[in-house]
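Visitor: I'm new to this structure. Could you walk me slowly through how one part of it meets its neighbour?

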Protein chains: 4
Amino acid sequence: MLRVGVIGCGGMGKDHIKRLTNKIQGAEVTAVSDVFEESAKQAAAICGAKVYTDANELINDPDVDAVFIVSPGFAHVESLLTAIKAGKRIFCEKPLCTTAEDCLKVVEAEVASGKHLIQLGFMRRYDKGYMQVKEALTSGEYGEPLILHCTHRNPEVGTNYTTPMAVHDTAIHEIDVLHWLVDDEYESAQVIMPKVTKYSHSELKDPQIMLLRTKKGVCIDVEVFVNCKFGYDINCEVVCEDGAIKMPSPIYPSIRKNAAVSTTIDTDCFVRFKDAYDTEVQDWVDAAAEGAINGPTAWDGYLAAITADALVKAQETGAVEKINAAVEKPEFYK
Amino acid sequence: MLRVGVIGCGGMGKDHIKRLTNKIQGAEVTAVSDVFEESAKQAAAICGAKVYTDANELINDPDVDAVFIVSPGFAHVESLLTAIKAGKRIFCEKPLCTTAEDCLKVVEAEVASGKHLIQLGFMRRYDKGYMQVKEALTSGEYGEPLILHCTHRNPEVGTNYTTPMAVHDTAIHEIDVLHWLVDDEYESAQVIMPKVTKYSHSELKDPQIMLLRTKKGVCIDVEVFVNCKFGYDINCEVVCEDGAIKMPSPIYPSIRKNAAVSTTIDTDCFVRFKDAYDTEVQDWVDAAAEGAINGPTAWDGYLAAITADALVKAQETGAVEKINAAVEKPEFYK
Amino acid sequence: MLRVGVIGCGGMGKDHIKRLTNKIQGAEVTAVSDVFEESAKQAAAICGAKVYTDANELINDPDVDAVFIVSPGFAHVESLLTAIKAGKRIFCEKPLCTTAEDCLKVVEAEVASGKHLIQLGFMRRYDKGYMQVKEALTSGEYGEPLILHCTHRNPEVGTNYTTPMAVHDTAIHEIDVLHWLVDDEYESAQVIMPKVTKYSHSELKDPQIMLLRTKKGVCIDVEVFVNCKFGYDINCEVVCEDGAIKMPSPIYPSIRKNAAVSTTIDTDCFVRFKDAYDTEVQDWVDAAAEGAINGPTAWDGYLAAITADALVKAQETGAVEKINAAVEKPEFYK
Amino acid sequence: MLRVGVIGCGGMGKDHIKRLTNKIQGAEVTAVSDVFEESAKQAAAICGAKVYTDANELINDPDVDAVFIVSPGFAHVESLLTAIKAGKRIFCEKPLCTTAEDCLKVVEAEVASGKHLIQLGFMRRYDKGYMQVKEALTSGEYGEPLILHCTHRNPEVGTNYTTPMAVHDTAIHEIDVLHWLVDDEYESAQVIMPKVTKYSHSELKDPQIMLLRTKKGVCIDVEVFVNCKFGYDINCEVVCEDGAIKMPSPIYPSIRKNAAVSTTIDTDCFVRFKDAYDTEVQDWVDAAAEGAINGPTAWDGYLAAITADALVKAQETGAVEKINAAVEKPEFYK
């Protein structure tokens, strides 16, 4: 039984605590922490865990085998470095850190520790549809991937959602999952700004088309449209030399009514990727129990950070922006 | 240019006159007839044709090469026999005649004439989807057909529509097209009566499931549901030894809106089979111009009549009713 | 932690032991039994459980809170009656018993015990697709169900598979899930025998069309085709007064290759219903932990038995066979 | 009966002659011309027409009411100017002319003539799928269009097909149909060059992603992939403020076989757009008979030319290239 300490007891923290407690095999939440003691206590009530307000204390609790970081992004770096020092297994919700520099520090600390400790919370790699596409790609039956056409559509966002958030909060998932899908890294980024929907506001250009090119020359277009109104609609088609592969959507009955046959589109990202969250955390628990780590790494977190930076720059310049890692990919992550 | 005389100038007659005049290559309507002179005159105005109130006079007009019968069903037999005697090419809207006996008279008259003269107006054989299924079946790639699952759904019908009309006015199209599809004749019929929809009335059992068995043992189920509310929805799946073939529906864009992706279902049979009507009549004109006849024959009309009779009987008895032709299929039609 | 004793350590028994051990939250297998000691020992090695060769001893082991019966069908009745007497929670793989009489004995024993103890292993009720259709039906948005069109297709079966097995081993799943779907019981059964596929043999009529009518008048057709060659293909469309609902198939990418766009059809029932098995057992464990029982009951097992008997009789007679329970549905199960 | 003179008797010329003769209502081919007399004679044999080797003579033949130009592109300008001078109705296969300058001359000549004479042969506007999308867009139900995602995929091309031909011979159809679809004109063009498929050769970058922006800010991406191997696959999705509309593909049965359900993709552009060609020419004949002209105009031909020029330049520069018409859109074409 893996004894997990959860850092961060907001909405998503509580969700993960419930998941670890009720859904996941082989784990129990033994400690929780939050800077707001009340939140931590409420979360502890779900699972009967110890309560901390200092994340570092939780990390160093000997009853904590593994650390689950769901605190706000800016707080990740300190917890990560502490947990690496303590040699604890780590699950860290995305983003790894809020700056590429901090991401790199974490990468260097993990490399220095000599042990793979961190799984980053990009759950899409655990979505059945993406996994099926990945399997098709690695089967060799379709030759090399050349182009990816993707959409990331949300029904709507609040007025506090601004143009760069289309990268940091939305396209960030594509940034991670797509380079994993084609087993490649990004080389450059561009953003195209179409006519803005009437449902947007002055601080948000919506929709956007984000273009990414990988080192092997795969070209990716991602339509990011966060006020599309009709649903949370994630699509991904991979065009290869010997065929094109389109990711399936979640199943729903097809309904004949009102002179149409229709199928539901999800409207909530947590419903859409519910199973992926479960699978992701179970995989982390299973691996951690054996002293291993699968899934997205700290290096992937660093790549996501520099790619996001390039996209945000490209939003402003309209130009093609290079994506350059400050260091070579460490052998450790290959 | 085939000079066509149209008998019957009601709604459907006028439609055919417009079709022959504006859409079809190689034909012109030179005469029209209707027992209501006013109707005939209105129809004549569309195409500049001679007006008759006596169908037999129209048939014998030397300016009429070919006769197009769209009069009420009960009037078909006389026009058919007159036109056969006159040696004119004939297109006859379904039904051939309203009784099996009359159908047989027409069959015998055509056989006696020694010439193939009659094309019966079962337009589904000219529908692109059915033709594609037929092509797949005759390709041999799928082995023998074993089962057909079909639906014939209408949005709604009037209160004058009664139980037997589910056979005569609705399933009659399946009766013709399905035995053509599998190149076979019917052996027996059964009708199953499910719970009646709240949208029906006391004189109409709706929906019904009609079961037909062919001589080679193909078993067919046809859901006839004439108050299904949602659309005019024609489906046909043929289950074969080496695969199953499902007829496509007409094309419409797929629309993402309101948390669903949807595609239109037709609501009007004339829209659904519009192209089939055009193709059917063009094929008749093309063949007639060369002195030939394609498409459904008078014999098919006879088979439809005896099959419909068996289904109506089966509606009443609930039993399996045999379908027996009074005569062997004439060599003439093989 | 629910301590489970598993009776029957064949292939499916071992599968369930692995599931209970590795996948399911809140259960551990503490004892296993099999008349073949070697099988029991192999199974015990998976989970570190006690080994029995006598099922009754396992049932009465105080370290066994709940009993999981995966022995051959003929052995179920004795284990069920013993476990009821012992007041243990029970999961029993289908069939409940091999005869309707034995099923009734089990029903009576459970009723006499005054406690809901038995969940029967009809996993389809836990399939996401069926659950979505059920949810749509109970939403009231589509009115009353009138007709169900279903297929149960297998790629192929061995030569030891004979005509009645199309009921007992194949349609048995539809028998259970469909009456649950429409919240109704069966009234009569009929079987139609189409032309036999060339891939069948003298002892197997394949395909078959099974017709069921419920007490409320819902009419069901199930195509059972166990040598369809192309896949394990489960379909279910519910035609209602205000719309028709078609169950979705499992997700797979759509592939463009070789002048076609295609999607995988499963070929293995355990792959097709893998998630349903997991959900079913988890639901049993969750309920059992609270002293409750959900899912298919012993009464459902009895209904399945009498319905299967009627279908087998109908295979032979070709007639409509009545389905009559020997007793009224006990209040206990309402 | 519109008396048509056809200029150019190559493969496509003969196709149009057959179409005009056998399919189209209200037209007859009375004259044909080709610089190769033998070709002209063969074509004349199809329809019993007069034979010319000089296109200008054909144009001025008093038995020619309307001129159908299917000669090689470089020869169009002379025939167009001659026919405008003669006041004849004109159907001109695309391209209007091979240079933007010549296109402008034709535009100016037509404007000077004061009569709408030219329909340009961009048949996609007559494709049922595009027309349905257009109808949805003009219904107002989906708000303003913002983004178009398109593909133009061919199974393969010969080794004489080079990079700029991806614009001139392939994307040229999207250039015309897409600005018509959104009722807008282009502002700029960019071309992205992904990794090249192994099936291409040194003179052809394949696939390409062409990006177009309209004056109203609609952003369009067109994947042009002419060695995609799997089919002739035309897709178009229009993302609007209030919904997304995806153009349907042509109908084909869905086939269950070999553990997959599949539907045919066309492999031949003439099969894919067969009906569009027929409808286009019929529309021209119908309009010409009334002294009118519908469909793509000479101005559309000029826009296509300057857009193609910008795309070819963008293929070379990798930059965003402006698309500037040398003159304002004449009132005549509004």
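**Copies and domains**

Guide: Turning chain C by 180°, with a shift of 0.0 Å along the axis, lays it on chain D with an RMSD of 0.0 Å (a least-squares fit on C-alpha atoms of residues with pLDDT of at least 70 in both). The two copies are thus related as by a two-fold rotation axis. In chain C, S262(C) has the C-alpha nearest that axis, 2.0 Å away. The model is predicted, so local features need pLDDT of at least 70 and side-chain atom pairs pLDDT 80 or more, while totals for chains, interfaces and linings use all residues. Residues are numbered from 1 along each chain as written, chains are lettered from A and ligands numbered from 1 in written order, and side-chain values use heavy atoms, without hydrogens or water.

Now for chain A. An automatic or database assignment gives domain 1 (2–122 + 275–296) and domain 2 (125–267 + 302–333). Their C-alpha centres lie 27 Å apart. Contact (heavy atoms within 4.5 Å) takes 20 residues from domain 1 of chain A and 18 from domain 2 of chain A. Together these domains bury about 1600 Å², 72% of it on carbon and sulfur atoms; this is accessible area (1.4 Å probe) lost on being put together, summed over both parts. Zero salt bridges cross the interface (Lys or Arg side-chain nitrogen within 4 Å of an Asp or Glu carboxyl oxygen).

Definitions and conventions. Buried area is the accessible area (1.4 Å probe) that two parts lose on being put together, summed over both.
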